[in-house]
Amino acid sequence: MAGSDGAVEAPTAPASAPAAPEAVKILIAGGFGVGKTTMVGSVSEIAPLRTEEPLTAAGLDVDDLAGIEEKRATTVALDFGRITIGRELVLYLFGTPGQQRFWFMWNDLAIGALGAVVLVDVRRPESSFAAIDFFERRGIPFVVGVNGFDGRHPYPAEEIREALALPEHVKVLLCDARERGSSRDVLIALVDQLIDAAAGAAAS
């Protein structure tokens, strides 16, 4: 619009749009029946995508149900969920299948992942050894979440660390995959570990 002296006023700059939050891909991994689907479902702010199928008699000779005899369904591809951590960070969660015959999918799911949560069932700690080895070999940072079934944690975190032969920089947290707050705390611990690692790399 022209002013009284005939000068043209400069247009007002539009307000800048808020920056989009950083999107980070995280894997939720571990052995068969450790609570991966439960964790993704408990913490996701959207309805989780699940690819569960009922366990059938055909799998009795393939799937080891020792200690988890009550399990009735299993993930055959992946679980997917999303959680916003603050205004600047969104985590996209991918739960891996636990049975050995589906492990070939882990390589594809790991593409682009910045970190992982390895869930451990203290009743069957050996079921998570393969997941720990997978991330160690690929140099993908991870934390260990010790899922207390029925809300019980019979062993302290440091004792579990020793049993799993984990280095000191890997965080071990007691959790309950059924509880949103508990699952969120594990994810925040992973984010903190990723930030610390990035800061250390930048300083070196």
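# A tour of rings and charges

Select Asp121 and Arg124 to start: both residues are buried. Their side chains form a salt bridge, with the closest N and O atoms 3.4 Å apart. Add Arg123 to the selection, since salt bridges that share partners join Asp121, Arg123 and Arg124 into one network. Bear in mind throughout that the model is predicted.

**Whole chain**

Zoom out and colour by secondary structure. The protein has five helices and eight strands, and from the N terminus the elements run β-α-β-β-β-β-α-β-α-β-α-β-α. Of its 204 residues, 42% count as buried. Among contacts with a separation of 6 or more, 71% are between residues 24 or more positions apart. Switch on the surface: the protein exposes about 11,200 Å², and carbon and sulfur atoms supply 56% of that area.

**Further salt bridges**

Six salt bridges are counted in the structure. Go next to helix 4 (residues 157-164), where Glu158 and Arg161 lie three residues apart, about one turn of the helix. Their side chains meet in a salt bridge, at 3.2 Å from N to O. Which of the two is buried? Arg161 is, with a relative accessible area of 7%, whereas Glu158 is partly exposed at 43%.

Then select Asp176 and Arg178. This salt bridge has an N to O distance of 2.7 Å, and Asp176 counts as buried at 11% relative accessibility.

**Aromatic pairs**

Turn now to the rings of the structure, which holds five aromatic pairs. Select Phe80 and Phe94, an edge-to-face pair with 5.1 Å centre to centre and 65° between the planes. Phe80 lies in strand 4 (residues 79-85) and Phe94 in strand 5 (residues 89-95), so the pair ties together parts that are 14 residues apart in sequence. Phe94 counts as buried, because its relative accessibility is 18% and the cut-off is under 20%.

Keep Phe94 selected and add Lys25. The charged end of Lys25 sits over the ring of Phe94, 4.8 Å from the ring centre.

For another pair, select Phe135 and Phe142. The ring centres are 6.3 Å apart and the planes are at 35°, so this pair is tilted. Phe135 counts as buried at 1% relative accessibility, and Phe142 does too, at 5%.

Last stop: extend the selection to Trp106 and Phe134. Ring pairs link Trp106, Phe134, Phe135 and Phe142 into a cluster.

Notes: Residues are numbered from 1 along each chain as its sequence is written. This is a predicted model: local features need pLDDT of at least 70, side-chain atom pairs count only at pLDDT 80 or more; totals for chains, interfaces and linings use all residues. Side-chain values use heavy atoms; hydrogens and water are left out. Rings of Phe, Tyr and Trp (its six-membered ring) pair if their centres lie within 6.5 Å; planes under 30 degrees apart count as stacked, over 60 as edge-to-face and the rest as tilted. Helices (H or I, at least four residues) and strands (E, at least two) are DSSP runs, numbered from the N terminus. Buried means under 20% relative accessible area, exposed over 50%, partly exposed in between (1.4 Å probe, protein chains only). A charge sits over a ring if NZ of Lys or CZ of Arg is within 6 Å of the ring centre and within 35 degrees of the ring normal. Contact means heavy atoms within 4.5 Å. Accessible areas come from the Shrake-Rupley method with a 1.4 Å probe; for residues, only the protein chains shown count as cover. A salt bridge is a side-chain nitrogen of Lys or Arg within 4 Å of a carboxyl oxygen of Asp or Glu.
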